[in-house]
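User: Please take a close look at the largest cavity in this predicted model. Which residues line the largest cavity, and what lies in the nonpolar core?

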Amino acid sequence: IVANAVGDRPFGDGCSDMVDHFCAADGKPINMIWIQNGTTFLNSMVKMFGNDFSVVMPQLLEASPDCGGLLALPFLHDEPGVGIATKTTALVGLTAQNATPGNVAKASLLGPIYNLQLGTTILDQKGYPRTEIVLTGGITKTIECCQIVADVFGVPVRVLESGEEGSAWGGAVLAKYRRTMMMMTTTTEDDGDDDARKESPSWTEFCGQLVGKQVGFRKFEPNKDAEIEYQRSFERYKELLKVQPELAKLS
């Protein structure tokens with residue numbers, strides 16, 4: 001899972017192992033927060049409960065933000081950015097009351113989301129703005145999960161109709177822009193026309209030409225009450241990470 005944050009300036013000194021750096025087609029700096037452990041642990045939990053997402057996901061959505069007090073360590077692999085050197089999985093806080101498929105599944109989903117939040121916290125500390133999240137990928141298959149992301153991060157979440165394939169769509173747009181620039185460069189070189197080369201569209205201009213072809217989207221605003229509850233859960237998760245090295249010794 002990655003979170004690509006377009007910055008208003010380069011990251012600068014004090015880089016984190018959790019943040020990689022590259023740039024957009026227009027040269028704007030991008031900070032990429034990446035984690036290796038995505039939904040694999042959640043998938044394992046769903047498999048344990050019969051491997052039927054259509055049954056488990058509605059229960060996940062009904063579970064409270066604190067999962068009844070349940071927390072999950074989802075590290076089926078190491079996680080260098082979070083400082084996890086040894087794979088460690090655990091369900092912590094399990095009781096007779098919260099031992100439900102919904103609570104277990106939601107805690108398993110929140111673990112990776114909280115790991116991403118650790119990365120965005122680094123950007124927050126350096127003063128990078130975050131006003132909106134454009135969500136893509138498999139999580140958008142269950143559209144209600146987009147509300148969870150909005151509540152956890154405390155910012156609006158926008159999902160395109162093609163959100164499930166958003167990365168592929170973006171890659172296609174970049175490829176088309178690259179081809180457009182290459183063709184115009186080749187043409188102007190053959191013609192020896194320097195003025196024509198100056199008319200090559202910028203990235204912003206090129207994207208503007210696609211406006212009429214964009215699909216619709218849905219927007220999810222954060223719920224303040226839920227945001228507070230998720231923040232409390234996130235603080236507990238950070239405390240759990242502190243004892244992960246001891247738990248890893250038992251793995």
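**The largest cavity and the nonpolar core**

Analyst: In this predicted model, the lining of the largest cavity is made up of C67, L70, L71, A72, A107, L110, G111, Y114, S233 and Y237. Two or more of these lining residues come from each of β4 (71–75), α3 (101–125) and α8 (224–242), and α3 gives the most, with four residues. By character, the lining divides into eight nonpolar residues and two polar ones, with no charged residue. The space in this cavity is about 30 Å³, and the count of cavities of 30 Å³ or more comes to one.

Turning to the packing, the largest nonpolar core has 50 residues, and V152, F153 and V157 are those with the most contacts inside it. At least two residues of this core are supplied by each of α1 (40–48), α2 (53–62), β4, α3, α4 (145–153), β7 (157–160) and α8; α3 gives the most here, with eleven residues. Leaving aside residues up to four places away in sequence, F153 touches I113, L116, Q117, T120, R130 and I133. Another core, of five residues, lies apart from the largest one and includes V173, W203, F206 and L210.

Helix α8 also holds D225, which counts as exposed because its relative accessible area is 58%, where exposed means over 50%. The C-alpha atoms of D225 and D151 are separated by 8.7 Å, although the two residues are 74 residues apart along the chain.

Technical notes:
Residues are numbered from 1 along each chain as its sequence is written. This is a predicted model: local features need pLDDT of at least 70, side-chain atom pairs count only at pLDDT 80 or more; totals for chains, interfaces and linings use all residues. Side-chain values use heavy atoms; hydrogens and water are left out. On a 1 Å grid over the protein atoms alone, a cavity is a set of points where a 1.4 Å probe fits but cannot get out, and a pocket is an open set with protein on both sides within 12 Å along at least five of seven lines; lining residues have an atom within 4 Å of a point. Grid points are joined across faces, edges and corners, and a volume is the space filled by probe spheres set on the points. Ala, Val, Leu, Ile, Met, Phe, Trp, Tyr, Cys and Pro count as nonpolar, Asp, Glu, Lys and Arg as charged, and the others, Gly among them, as polar. Buried means under 20% relative accessible area, exposed over 50%, partly exposed in between (1.4 Å probe, protein chains only). A nonpolar core is a set of buried Ala, Val, Leu, Ile, Met, Phe, Trp, Tyr and Cys residues joined through side-chain atoms within 4.5 Å. Contact means heavy atoms within 4.5 Å.
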